[in-house]
Every structure is written in C-alpha cells, then in structure tokens.
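The following note concerns the internal spaces of the model and one of its sheets. The points are numbered for ease of reply.

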Amino acid sequence: MKLKSPEPFWLVKDGLKNSYPSLRENIETEILIIGGGITGALLAHQMIKDGYKTVLVDRREIGNGSTSATTSMLQYEIDVPLFELSKMIGRKGAEKSYWACYNSIDDLQKISKEVKSDCGFKKKQSLYFAAFKKDVDDLKKEFEARKAAKFPVKWLSAKEVSKKFKIENTFGGIISEQGGSIDAFCLAHDILHYNHRKGLHIFDKTDIIKFDYKKNGVTATTDYGNTIKANKVIFCNGFESTEIIKDKFVNLLSTYAIVGEQCDKEYNKELNGLLVWNTASPYIYMRTTDDNRILIGGEDEEFVDAQKRDSLLFDKEQKLVKKINKYLPRNNFRTDFVWAGTFGETKDGLPYIGQHPNFPSAYFVLGFGGNGITFSVIGMAMASDFLKGKKNELTEYFRFRR
C-alpha cells in the first residue's frame, strides 16, 4: 500500500537521517516490532526501557511511510467531540480518553528531551473554531463538556479570535491551553538512534510476508526467507494493518497538505504558538513550522488510490490556498510543498490498541485520526502493561470489535 505522494515537507527538510541494514540472517528476540515510523519508534523506546530484547523492522527506509507525511500536530482533542463521544461510550470513558491524550503531549515532551531530539518540540495553544454559524450551538456544547471535565479552555468570540490571532471569518471557538507541534519524522529517527545505541536491533527494507502465530510465540518470515522468532509481536504499521486484519475497523481516506512561506515574518507571528482546526466536514487544520512557514491541510477524499489521489494535488492545493486567503486574508501565501497521505477514521475517533482474537502472541498499537501520535504515546504505557499482565483502564475503550 502506497501511503504518501512525493515530496512531503518533512522528508525533504530532514533527508535520510540514519540508515540501517536489511535482515540477512535468522534471529530470535523477545519483542518484534513491525513498523519504523513514530509509533514503532515510541514502542521500541518503551520496550528497551522495560528491559526486553527488541527487534524493529520496516519494509521501507525508517520513517518513510505515513510519518514523513504527517502534519505533526499534537492535540488532546479527539476527532469526535467530547460531548458526542460521551454519548457513544459513556462520559467516564470519553473523559479518560481525552485526558490520556492531554497527558501524552507532556510525556512526548519528556521523551524528546530524553533522547536529545532536534525535532523542535513546542508547546502550543489549540484553537477549534466554528466554520459556519450553524456550528456554534454544538461547539458551545463541546465547550461546556470540556469545562465540566476540568480542561483549561475558554470561549472566544469571532471578534476576539480576529483581535488575538488575526484569523478572520470565524464564528468564535474554543481556545485550549494544551497542544504542541514537532517534526515527527525527525523525532522517530532520533528515538531509534538513541535506542539503537542501547541494544535495539533495527532492520529497514525488510518486508515480512508471512507470520506463524502460536500461543507461545510468533515466527516472521521475510521476502528473502530469513526468519525472526519472537515471544511477542507488536504491530505499529498503522493503515497497513488493514492488509492482515480482515475486520472493517477503519475507513481509509486521502488527505492533502501544503506548506508555504509567509509574506512577512512579523505578520501572523501570533500563529507561531497556535494549532488551528475547525468544525467543517472535512475540517481544515493549520500550524506554523520552525522556519516560519504555514502548513495547512484538509480537503479529504474517500479513497486511497495513489494515482487518483495524486492527480488531484494541483486542484487541492488551490482549494487550500483559498482557505488560507479566507482565514488569513492579509497573508500573501506562496506554496512551497504540496503532498497527500493516507488518513484513517474510526467510528468513535479512538485508536485500536490491544490484542485481536485472530492473532495469538500479538498486540496492535494503531492510532488513527488527528491524534495518531498522541495515541501512540498512550500505546507505550498500554503495551507495557499488557506484557506485564497488568490491567489498563483504557483497554475496554480501545479494543477491537468494541
């Protein structure tokens, strides 16, 4: 499955940070991690910290799947609003899920510092604004739900949004104090490099074509016939998990993003400490980069055909530029990069983390939606608990076939 189109900003910006060999022998390990993106890197970090002999493999170069195409916005807000999620899974589960995402941003900051990453982690506020007047009532319900759950939020009128952030044509919105941004491609490489020095075995361009699952372990066979015997396997392969799990558990979409320079470094400097998204369907999302560019994404389509997706790049670029001109009308934006990637929606906006009944000795950490990275941080602690035989309070909400 091709996950992205050419020239995502992060891949061009960072280049090939570290390279690793492909597997050329038969090996044994305690933990086998499938996927070398940000999720696999985070899980490998946890496994090494817990003292497990760990092997990580990826069919591509490290980080060259969805991680190189992500917009790397760190939000505690889940794609399904808190007041709606409470109706779906109960208030207790909804608030626990939101708080877990909230705390994961601080956890990620600690990890970034621990591995001395150059990923440019930055704490930011998050603005969730009403795209249309008809959206205001539901957005105010969301505001009240978050306030009741003790999240640090305030309501801003359209005039206040304009005055504070120079964002026009909104109908007001929620400003949250918790958010952040990173370069996820860089962070994934930095985490893996750090743990490689601590004994993590990493093999890229190693495609696993067969798994033999048993209660006491898993044997993985590569396309060259080499085998990896492991006590447990953890799948961190995101959207490609749909190749092996036959359940209909996620809806795959194509999403588009552009990055471009601003006309004036001083203009819109208020955006540097802000994440922006709105109530449109599909919603748009926006942030600045460390080098003062603006990143905006959205314009989702309900297909993942690579050729069809890439044929729309120019059209989607023009539509996203229109959105920038609508919300930032005095900014003379010029596109530098445009790309598309695969995006997943689940029925409740939540990830799938845990065991699947059809795969003995296996765990899955699959974060979908706009919270893929924060869900992956949550998955670190959950996987650690699973392996130690401990209960985790989020398991029932993130399980398969829920």
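1. The helices and strands named below are DSSP runs, numbered from the N terminus, with at least four residues for a helix and at least two for a strand. The model is predicted.

2. On enclosed space, the structure contains 1 cavity of 30 Å³ or more. The volume of the largest cavity is about 40 Å³. Its lining is formed by W10, K13, C119, G120, S181, I182, D183, R287 and D290. By class, these lining residues comprise 4 charged, 3 nonpolar and 2 polar.

3. On open space, the second largest pocket has a volume of about 670 Å³. It is lined by 32 residues, of which D79, T279, A280, S281 and Y283 are the closest to its centre. The lining of this pocket divides into 13 nonpolar, 10 charged and 9 polar residues.

4. Several elements contribute to the lining of the second largest pocket. At least two residues each come from the helices α3 (82-89) and α5 (136-148), and likewise from the strands β14 (274-278), β16 (293-301) and β17 (334-345).

5. On the sheet, 3 strands are arranged in the order β3-β8-β4, forming an open sheet with antiparallel pairing. The edges are occupied by β3 (73-74) and β4 (122-123); each has a single partner strand, so one side of each lacks a neighbour in the sheet.

6. The pairing of β3 with β8 (residues 180-181) is antiparallel and runs over 2 bridges. Which residue of β8 does L74 stand opposite? The residue opposite L74 is G180.

Notes: Residues numbered from 1 in each chain as written. Predicted model: local features only at pLDDT ≥ 70, side-chain atom pairs only at ≥ 80, totals over all residues. Heavy atoms only, no water. 1 Å grid on protein atoms, 1.4 Å probe; cavity = no way out; pocket = protein on both sides within 12 Å on 5 of 7 lines; lining within 4 Å. Points joined across faces, edges and corners; volume = space filled by probe spheres on them. Nonpolar A, V, L, I, M, F, W, Y, C, P; charged D, E, K, R; others polar. Pairing = 2+ DSSP bridges.
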